[in-house]
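Colleague: Please take a close look at one part of this model for me: the place where the two chains meet. Then go on to whatever else in the fold helps me read it.

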2 protein chains.
Amino acid sequence: MRDVAIIGIGQTPVGEHWNTSLRHLALEASLNALHDANVEKVDGIYVGNMLSGELTGQSHLGALVADFLGMSGVEALKIEAACASGSAALRVGVMAIASGMNDLALVTGVEKMTDTSGQATTAGLAMAADAEYEVSQGVSFVALNALLMQRYMYEHGWQRQDFANFVVNAHRNGRHNPYAMFHMQVTPESYANCATISDPVGLFDASPVCDGAAAVVLAPLEYARTLSPAPIKIKASAIATAPMAVHDREDPLALEAARLSAQRAYAMAKVGPEDLDFFELHDAFTIMSALSLEAAGFAERGKGVQLALDGEIALDGRIPITTMGGLKSRGHPVGATGIYQIVEAVLQLRGLAGENQIANARLGMTQNIGGSGATIITHILEALV
Amino acid sequence: MRDVAIIGIGQTPVGEHWNTSLRHLALEASLNALHDANVEKVDGIYVGNMLSGELTGQSHLGALVADFLGMSGVEALKIEAACASGSAALRVGVMAIASGMNDLALVTGVEKMTDTSGQATTAGLAMAADAEYEVSQGVSFVALNALLMQRYMYEHGWQRQDFANFVVNAHRNGRHNPYAMFHMQVTPESYANCATISDPVGLFDASPVCDGAAAVVLAPLEYARTLSPAPIKIKASAIATAPMAVHDREDPLALEAARLSAQRAYAMAKVGPEDLDFFELHDAFTIMSALSLEAAGFAERGKGVQLALDGEIALDGRIPITTMGGLKSRGHPVGATGIYQIVEAVLQLRGLAGENQIANARLGMTQNIGGSGATIITHILEALV
């Protein structure tokens, strides 16, 4: 198995891109990544996307992106794992390079969510859950997270306001990210006073519906060293699944697939949580930040919120999270999110994160969640120079 | 790169399974394949599917299938490449084994197309074409194939009736396949007299809308030899893309991605078309059979139909095709079709194709087409004992 490295990154601003179609978003991010890698063509294109068929009437994105990039002929596939589709595509890109099938691969995550009705988007996102045993009961994706948050508060004695700093921190970091959707700041007071969506989930507990694309270029590590002055090694690529429906999980608050995929990633990279300089987690809802920190080994069960209260998640804290704004402030174009996380981790490891730079960042982890936790994909990245 | 072999196969009958859901179809085929391979668990599950979100409101099939198989925890992803989704999933499974990421992989193709309106299915299938530049003009998938067939007849001087034997041959072979949707026979007369759908495409030129699932179990070749008395080696896995829209192709009748992926497969397997004992091609429409035979090197441009007229595509002909009924008679549950082709090729190579057995079949090729030819995936399989 060959080692794999990232030699190029690209992204579009996240937002409501009314005048930019799905293919144009994918094109922009992909060209940025190819330009950054200083390559013109790749052997394989792996597209992460969840909802293009449901929301824009276009499937078959692999061939579409290859075509629009002027690369028809090359391998191109689409990979879907709900909101973890971006990381899922990255994982297939890693396999393509590691196996020797490709020498250069482009992985592009793209989602266009706003050019339809809000109802269609809500119904589309619910397809990440169990259609026959959850959605048929009328539960939406926000409601599933509300149930988890309610249960967490009940079991561990937290108040909603104890989660505030996850959001304050995300928006503080997003302010300096030119690609973030929201640059406005959230205060503990505005968090307390925001509208309730599905009790206890408020407007500021949920990441936004939006459009965006992000891309990376991969190469075998040895080849990457000849192409890039600062390749970033993918030290681990790990995935795990859990039961689709929340009610089928032995412990709904354990986020078992996050624990499993983090453990697999730690074993592959031969590191532990204490070695990481930052952790790009999947804060689609604030409750997921707490559960992810616990599942990945940064806090004991029920204590994830304490890290936020203590400020340990800030850029200079023990384990910085959502360092460029996270899903909450940068935005959550679902199939693209996993690649945005990777792009932001690479910026940190290259020392190019600007105002948000973590001092001496050498080793970072990303974690991308599909559904309410049924697919969780973890990558560990390392700066080599 | 490790060599990869198939050690188990499974399939459901193809048909209108009104009382069987998507997950039950996937389960049945997967359990059959695991049972055939004599293994209980795998490291990775790769699901090929095109339309589950659009037609049944369920995305995230990787985790769903893993869950329903009682394997939550393992890797699971969904891969989509329109009607080539099955082969696309197989290709990712091959990468997972070849790279060393997995030691046992399950690849399941599944599609549930009938439990919705015909209108929804037609709209869903059209998503394989270019939504903004083809579908927006009102063209359906049948119409795209009708345009190609019309052009082929015009350019090369064939009549519609010259295509009859592609259909007669498919139904003759499907009669003995217990998993085929249609066991009735088609004669040249009934072909001539069938209803016209989109001139010159008649009812009998088109494969049916249907439900089904098929699955295979993969292992590294050396390991496979210890698990199976008759592993089938995947001698080549190759893919190519072409422009999405028919009007963007330099030569719409060349099926360039079929030529490219076949050439890549031949190079990888170090064989030529003359070495193959059979060719499971993608006869979604009769015109595709002619174009595929030409692109893969079995006939010159415009001469593919001659092979049908001469009977060279029969079980005892020069290049047997659709040996178990093909898409026309076995059926075309789109995301499952690529795996049905593989399962049927394995039956031939194991010498277990019954009435349809090709004498001394040692080397077979499958080719799965996404869209009107934008993604084409070719596999070459070899019997080792």
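Modeller: Start at the rotation axis. In this predicted model, B:Ser99 comes closest to the axis among the residues of chain B, with its C-alpha at 1.9 Å. The same surface serves both copies, and 100% of the contact residues of chain B recur in chain A.

The symmetry itself is simple to state. A turn of 180°, with a shift of 0.0 Å along the axis, lays chain B on chain A at an RMSD of 0.0 Å. The two copies are thus related as by a two-fold rotation axis.

Now the contact. Chain B gives 59 residues to it, and chain A gives 61 residues. About 4,600 Å² is buried between chain B and chain A, and 57% of that is on carbon and sulfur atoms. On the chain B side, the most area is lost to chain A by B:His60, B:Met95 and B:Met101. Together these three make up 15% of what that side buries.

Next, two helices of chain A. Take α3(A) to begin with, residues 61-68. Of its 8 residues, 7 are buried, so the helix is largely enclosed by the rest of the structure. The buried ones are A:Leu61, A:Gly62, A:Ala63, A:Leu64, A:Val65, A:Ala66 and A:Asp67. After α3(A) comes A:Gly70, with a positive phi near 75°.

The other helix is α10(A), residues 256-269. It has 14 residues and spans 20 Å from first C-alpha to last, close to the 20 Å expected at 1.5 Å a residue. Its buried residues are A:Ala257, A:Ala258, A:Leu260, A:Ser261, A:Ala262, A:Ala265, A:Tyr266 and A:Ala269. An α-helix has 3.6 residues a turn, so residues three or four places apart point the same way. The cover over the buried residues of α10(A) includes the strands β8 (232-241), β10 (363-370) and β11 (375-383) of chain A, and the helix α11 (286-295). A:Lys270 follows α10(A), and its phi is positive too, near 55°.

Last, the aromatic rings. Over all chains, a search of the whole structure finds 6 aromatic pairs. In chain A, ring pairs join A:Tyr152, A:Phe163 and A:Phe166 into a cluster. Arginines also sit over rings. A:Arg160 lies over the face of A:Tyr191, at 3.9 Å from the ring centre. A:Arg23 lies over the face of A:Phe68, at 5.8 Å from the ring centre.

Conventions:
Residues are numbered from 1 along each chain as its sequence is written. Chains are lettered from A and ligands numbered from 1 in the order in which they are written. This is a predicted model: local features need pLDDT of at least 70, side-chain atom pairs count only at pLDDT 80 or more; totals for chains, interfaces and linings use all residues. Side-chain values use heavy atoms; hydrogens and water are left out. Copies are superposed by least squares on the C-alpha atoms of residues with pLDDT of at least 70 in both. Contact means heavy atoms within 4.5 Å. Rings of Phe, Tyr and Trp (its six-membered ring) pair if their centres lie within 6.5 Å; planes under 30 degrees apart count as stacked, over 60 as edge-to-face and the rest as tilted. A charge sits over a ring if NZ of Lys or CZ of Arg is within 6 Å of the ring centre and within 35 degrees of the ring normal. Helices (H or I, at least four residues) and strands (E, at least two) are DSSP runs, numbered from the N terminus. The expected span of a helix is 1.5 Å times one less than its number of residues. Buried means under 20% relative accessible area, exposed over 50%, partly exposed in between (1.4 Å probe, protein chains only). Buried area is the accessible area (1.4 Å probe) that two parts lose on being put together, summed over both.
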